[in-house]
Amino acid sequence: MDLWTSHHAAPTRAADFARQAEALGWHGITTVDSQNLSGDPYVFLALGATASRTLGLQTSVTNPVTRHPAVTATSALTVQKLSGGRMILGIGRGDSALAHLGRAPARLKWFENYLISLQAYLRGEEVPFAAAGIADEAAPPVENLGLADAPSSSRIGWAKDTAKVPVEVAATGARVISIAARHADRIMFALGAVPERLAWGIETARQTAAEAGRELETLSFGAYINLACHEDLDVARKLARAGTGLFARFSVMHGAIAGPASDSQAEVFRNLHATYDMNAHGHQGGQQTAALTDEFMDGYAVIGDADHCLRRLEAVQALGIDKIAVTGPNFAARAPEAQESAARFTDLVMPRLR
């Protein structure tokens, strides 16, 4: 199983973070794409690439609205070329990046069309201008210039000289899972560490892939897991609470609950939806974290001592999950309790899981 850790896109910390992550045995690092809250992810990953030799590099996640697909593809291909083939493009419908522009996540049809164009750009294929998604109100057609000649379609010409960048879709609801099953190289579920929910996501993806005529062996599955490894359960819950609230909200983004949920889980999801404050997105102490009961935390996240964390992750792996993006305290944390939790995971869990 591949294990990835995360850091916000702080360019001055990228090189040191990448070096440490590689030395500790992480398979890769992810970073956010949220322009109002963090730096540029591709600058961060490029700096991480120059400071490491084998470490994977990934956006987690970009979105289909703030960057044109050709721009996204070019940025990813640039890091791919620089790193010698270690880039992965993680993408979702968008959350904080769009909220801070006054927008909700991208519409499903827009997202699917964007993925189709993005994959074509990454393969060096031609993309029709009509699929490029630039409105006439923004820029008129190039033929209005009366040039002697001009491109008739859009293509990244140098992409053919660079290895294709894999595309991973962060998915929670059935419709996004289905879109990912048709067009992604891997689906990264944001369904928590609940086996029933992950099994539902995997089955939904497999059914869609079969209906689309896709060979199931070409589809891989991963998961975002909120995790805090600590002997004191109350401390572990505290460390994982903010991140768990952030990820659990995706299951009730528009009010309806995605995936199977018990009555008690459903109540927490509904309360989370009703109280979520984007101004405290991912922060400790945000009012939304009060909606998370201990019972919910213990099931949705992986929290507890090293043996408990290992058993929970092995159960996730047994479902067919081959990659976990760990969200929680890591070696870059400053608080002593968070540092202790991170050290316990890298020292006591990672070697046994790998």
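Colleague: In β6, which residue is the bridge partner of glutamate 168?

Modeller: The bridge partner of glutamate 168 in β6 is arginine 186. This is a predicted model, in which local features need pLDDT of at least 70 and side-chain atom pairs count only at pLDDT 80 or more, while totals for chains, interfaces and linings use all residues. Residues are numbered from 1 along each chain as its sequence is written, and side-chain values use heavy atoms, with hydrogens and water left out.

Colleague: What makes β5 and β6 a pair?

Modeller: Two strands pair if DSSP finds at least two bridges between them. β5 and β6 have 4 bridges, in the parallel sense, so they pass. Strands here are DSSP runs of E with at least two residues, helices are runs of H or I with at least four, and both are numbered from the N terminus.

Colleague: Which way do the residues of strand β6 point?

Modeller: Arg186 and Met188 point one way, Ile187 and Phe189 the other way, and all are buried. Buried means under 20% relative accessible area, exposed means over 50%, and partly exposed lies in between (1.4 Å probe, protein chains only).

Colleague: Why is asparagine 279 called exposed?

Modeller: Its relative accessible area is 68%, and the cut-off for exposed is over 50%, so asparagine 279 is exposed. Asparagine 279 lies in the loop between α9 (263-275) and α10 (294-300).

Colleague: What makes helix α5 largely enclosed?

Modeller: Of its 15 residues, 11 are buried, so the rest of the structure largely encloses α5. Among the buried residues are Phe111, Tyr114 and Leu118. They pack against α3 (69-83), β4, β5 (167-171) and α6 (174-183), where contact means heavy atoms within 4.5 Å.

Colleague: How do you know that the span of helix α5 agrees with 1.5 Å a residue?

Modeller: The expected span is 1.5 Å times one less than the number of residues. For the 15 residues of α5 (residues 108-122) that gives 21 Å, and the end C-alpha atoms are 21 Å apart, so the two agree. Just after α5, glycine 124 takes a positive phi of about 80°.

Colleague: How many aromatic pairs does the count come to?

Modeller: The count comes to 8 aromatic pairs. One of them is phenylalanine 296 with tyrosine 300, at 5.3 Å centre to centre and 15° between the planes. Rings of Phe, Tyr and Trp (its six-membered ring) pair if their centres lie within 6.5 Å; planes under 30 degrees apart are stacked, over 60 edge-to-face, and the rest tilted. Both values for phenylalanine 296 and tyrosine 300 meet the cut-offs, so the pair is stacked.

Colleague: Where do phenylalanine 296 and tyrosine 300 lie?

Modeller: Both are in helix α10, 4 residues apart, about one turn of the helix. Phenylalanine 296 has a relative accessible area of 5%, which is under 20%, so it is buried. Tyrosine 300, at 3%, is buried too.

Colleague: What makes the pair of arginine 249 and aspartate 95 a salt bridge?

Modeller: Their closest N and O atoms are 3.0 Å apart. A salt bridge is a side-chain nitrogen of Lys or Arg within 4 Å of a carboxyl oxygen of Asp or Glu, so the pair qualifies. Arginine 249 is in helix α8 (residues 233-249) and aspartate 95 in the loop between β4 (87-91) and α4 (96-99), so the bridge ties together parts 154 residues apart in sequence. Both residues are buried.

Colleague: What sits over the ring of tyrosine 276?

Modeller: The charged end of arginine 249 sits over that ring, 4.5 Å from its centre. The rule asks for NZ of Lys or CZ of Arg within 6 Å of the ring centre and within 35 degrees of the ring normal. Lysine 323 sits likewise over the ring of tryptophan 4, at 3.8 Å.

Colleague: Which distant parts of the chain are linked by aspartate 298 and arginine 237?

Modeller: Their side chains meet in a salt bridge at 2.7 Å, N to O. The bridge links helix α10, which holds aspartate 298, to helix α8, which holds arginine 237, 61 residues apart. Both residues belong to a network of salt bridges with Asp234, Arg241 and Asp294.

Colleague: Why is aspartate 298 called partly exposed?

Modeller: Its relative accessible area is 27%, between the two cut-offs, so aspartate 298 is partly exposed. Arginine 237, at 10%, is buried.
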